[in-house]
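Please look through the sequence and the structure shown here before reading on. The notes that follow are grouped by topic.

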Amino acid sequence: MQGTERDLNYKETELCLGLPGGGGGGGGENEVESSPKTTGKRGFSETVDLKLNLQSKEAGMDLNQNLETCSKQTACTKDPSKPPAKAQVLGWPPVRSYRKNIMANQKNSSEECEKAAFVKVSMDGAPYLRKVDLKMYNSYQKLSDALAKMFSSFTMGNYGSQGMIDFMNESKLMDLLNSSDYVPTYEDKDGDWMLVGDVPWEMFVESCKRLRIMKGSEAIGLAPRAMEKCKSRA
Amino acid sequence: MSEDDERQQSPPSDLDFVSNKARNCNATGSGSGHPEFQSAYPDQVLENVLENVLHFLTSKRDRNAASLVCKSWYRVEALTRSELFIGNCYAVSPARATARFTRVRALQLKGKPRFADFNLMPPDWGAHFNPWALAMAKAYPWLEKVHLKRMTVTDDDLATLALLLLGFKELVLVCCDGFGTSGLAIFVNECRQLKVLDLIDSEVSDDETDWISCFPEGESHLESLIFDCVECHINFEALERLVANSPSLKKLRLNRYVSIGQLYRLMIRAPQLTHLGTGSFSPSEIAGQGDQEPDYVNAFAACKSLVCLSGFREIIPDYLPAIYPVCANLTSLNFSYANITAEQLKPIISKCHKLQVFWVLDSICDEGLQAVAATCKELRELRVFPVDPREDGDGPVSEVGLQAISEGCRKLQSILYFCQRMTNAAVIAMSKNCPDLVVFRLCIMGRHRADPVTGEPMDDGFGAIVMNCKKLTRLAVSGLLTDKAFDYIGQHGKLVRTLSVAFAGDSDMGLKYVLEGCPQLQKLEIRDSPFGDAALRSGLHHYYNMRFLWMSSCRLTPSGCQEIARAMPRLVVEVIRSADEEEMDDAVEILYMYRSLEGPRTDLPKFVTIL
């Protein structure tokens, strides 16, 4: 719960406007480049103003915080006494830029995928297994390219413009499965073997436990089940 | 040469009694029955004896005291000092230092003030190692060890060290910049006796030179190789060969470009390691090496001497269980780049009974800190860094975590704690539960933030710290603070040597309390606080005892600073502007002043004026 709360709060502060005359730039990463004038005499009087503002607001906000312990996020957007996100002040908090940069980079990559999603990939006839991190790719096409590189004799069938097998077109599907081309299949959370490409990419990443690349003719047994599942979800 | 003996250029002559006595003996020596005094020069005998004795004196404070006894002791101490520490590279010139101390084997130099780390000062302010490098090469060709902090070191300087100092053994660069991988390449290639190369929190530019390959072939003497801050790819095969050829290697800290698979290969070659920085602790981007993942647990289990673990720069928490075998022996664990949750931490920390030093991110939340408090009874040093280092970020740790630590870790000596909220009650509790505290640094990231429970300023909390922690020498304050907090510090902080202040205080009185009350104060750094010229004046009696004073965005004027400069000729008073401002305003943006035997430095950038 803590994690999602944090995510919400971060996005929310990104949208908030900085204080007028703040000079620091609204975003978190810009404070290093912000005009040094914020630290001059004007900088100080600005902090004095903030202090005065805050002292009256802090009291009000603190009472609210005491009353609503878990609903910080909703309180934030609705509570008028909480000041908007402050412009970041140069060199504050005192964290070295090296550390700030590392954390910023980590955050970017972790917002996309909290955890890696490694799955084993086997290909019929190949002497060894491989492993891929599904989170490294954002589409079936990218995954297909990567698998193709890995198993160079492997060719993916024609996926159509959206990168998904067109289940509604039975004849197209049948052509593919009758060919000697390889098609990728996967074992989903329920333990069923499915054709890759039937569900949206994100859903696939969530449910895929392992991949197996088999000849189209062998995969033919999967197609009806795959279509059943697809229809039941639609 | 430390700050203490810079005041004294030559001891007063009334302390010269030893030499005089010896001279008298000589005059009457021929008549006495002591053959030693007849033939040998008594001064020389005494000095030889003294030399042999003083060799055992290692503490620089003891040596400074010894050098003040009399001229003879001054001379002999200078001859026998082999480790030279200079806390401010501008306090004394290389020429003066090498003239006094002629047999130095190890040099330690510090440059920029700490607030430069937070971009409060334009770059290129100074602290160039170059004049020192050249002086050392001439005066101490046998120099073995150089330790620099916050200095600008160029590739040429590295070359100087490597080429002109035969038998150079140890280079430690902390928070330095100005050099790159090409400098490193020359350095490692030429230093055939190198034992230690430690690059810590330094900025190393990527000149695309494969410096790891430049280590000489064959067996190496390397005992420590730390390069976790180097932000560029390295030649792994060369590194693997190097590790294999370094039987004495005890400390190895890898950068984040080393994958966990590569870490494994290094660990199985170096099970004797005591300090390990794991690099990324995640697999490389290329899809895994087939079905078999290396047995990481076994690799860690083989490292029976491992006591210090760090790295985890791009951690995949699934791999954490690999370190279970070493947890029970760990005395130091640095998770400060590992964004892990309390749940991920608990199975690790519950095994770390011997842990003394723990650095971590606040992602572990108060709950994680409670787990630390429950197990780590030997904890001496704790640092909690923010995942989200912004003022209005989330606050996953709070007074709850601090309270828990204070109750569980009674032997705590040093703490650095970033948080968004803190109560006086928790700080007071820590002051009572952890009486051994020497370093207390609390950073409440919201400026001017009061105690969220009582609405009060944080004065009482910090007051309790200085009152109850009798050994306290370093203090950093934050949150809403009135002059009262400084009154407490001035009254009770009698051993405080380093004080950091930001966005605090009401008036000049605040600074006055501190300058008048803290006799041991050596390093004072203040930003964005309402202290003006009158407050500055109140420290005139003390500035020669200090290494430096930094005040930025306070209420100082050029005339106020000028007054200080006039009153204290051995103080260098620098007024630093931001790089783009030309004229001097009526306000002083940054004041940085320090005692010095040399007067104004000659390498001033144009944004610095010396008054």
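**Briefing on the predicted model**

In chain B, residues 103–148 carry the UniProt annotation "domain: Transport inhibitor response", which comes from an unreviewed entry. In this predicted model, the C-alpha atoms at the two ends of that span lie 19 Å apart, and the span is 22% helix and 20% strand.

**Confidence**

- The model as a whole scores ipTM 0.83 and pTM 0.73.
- Chain B has a mean pLDDT of 90, with 91% of its residues at 70 or more, but over residues 1–37 of chain B the pLDDT is below 50, and this stretch has 53 contacts in the model beyond near neighbours in sequence.
- Where pLDDT is low, predicted coordinates should not be read in detail.

**The sheet of chain A**

- Chain A has an open sheet of 5 strands, which follow one another in the order β2-β1-β5-β3-β4 with mixed pairing; β2 (130–133) and β4 (193–195) of chain A are the edge strands, each pairing on one side only.
- From one strand to the next, the twist averages 35°.
- Helix α5 (residues 140–150) of chain A packs on this sheet and touches β1, β2 and β5 (210–215) of chain A, while the direction of α5 makes about 155° with that of β2(A).
- Strand β1 (residues 118–123) of chain A pairs with β2(A) in the antiparallel sense over 4 bridges, and within this pairing V121(A) has R130(A) of β2(A) as its bridge partner.

**Strand β3 of chain A**

- Strand β3 (residues 182–187) of chain A is mostly covered, with 6 of its 6 residues buried.
- Both faces of β3(A) are covered, since the buried residues comprise Y182(A), P184(A) and Y186(A) on one side and V183(A), T185(A) and E187(A) on the other.
- β3(A) pairs in the antiparallel sense with β5(A) over 6 bridges, and also in the antiparallel sense with β4(A) over 3 bridges.
- T185(A) takes part in both pairings, standing opposite R212(A) in β5(A) and having L195(A) as its bridge partner in β4(A).
- The hairpin of β3(A) and β4(A) has 5 residues between the strands, and in this hairpin G191(A) takes a positive phi near 90°.

**Helix α17 of chain B**

- Helix α17 (residues 424–433) of chain B is mostly covered, as 7 of its 10 residues are buried.
- Those buried residues are N424(B), A426(B), V427(B), A429(B), M430(B), S431(B) and N433(B), and they pack against α16 (399–408), β15 (414–419), β16 (439–444) and α18 (459–468) of chain B.

**Backbone details to check by eye**

- Most residues other than glycine have a negative phi, and most peptide bonds are trans.
- W92(A) and P93(A) are joined by a cis peptide bond with omega of about -5°, and P93(A) lies in the loop between α3 (72–78) and α4 (97–112) of chain A.
- D201(B), a residue other than glycine, has a positive phi near 50° and lies in the loop between β6 (196–200) and β7 (204–205) of chain B; D201(B) counts as partly exposed because its relative accessibility is 30%, where the class runs from 20% to 50%.
- E208(B), which is not a glycine either, has a positive phi of about 60° and lies in the loop between β7 and β8 (224–226) of chain B; with a relative accessible area of 73%, E208(B) is exposed.

Technical notes
Residues numbered from 1 in each chain as written. Chains lettered and ligands numbered in written order. Predicted model: local features only at pLDDT ≥ 70, side-chain atom pairs only at ≥ 80, totals over all residues. Heavy atoms only, no water. Pairing = 2+ DSSP bridges. Axes fitted to C-alpha atoms, helices over the stretch in contact; angles between N-to-C directions. Contact = heavy atoms within 4.5 Å. UniProt positions renumbered as here; feature names shortened; annotations may be inferred. Buried < 20%, exposed > 50% of the residue type's maximum accessible area, 1.4 Å probe, protein only. pLDDT = per-residue confidence, 0-100.
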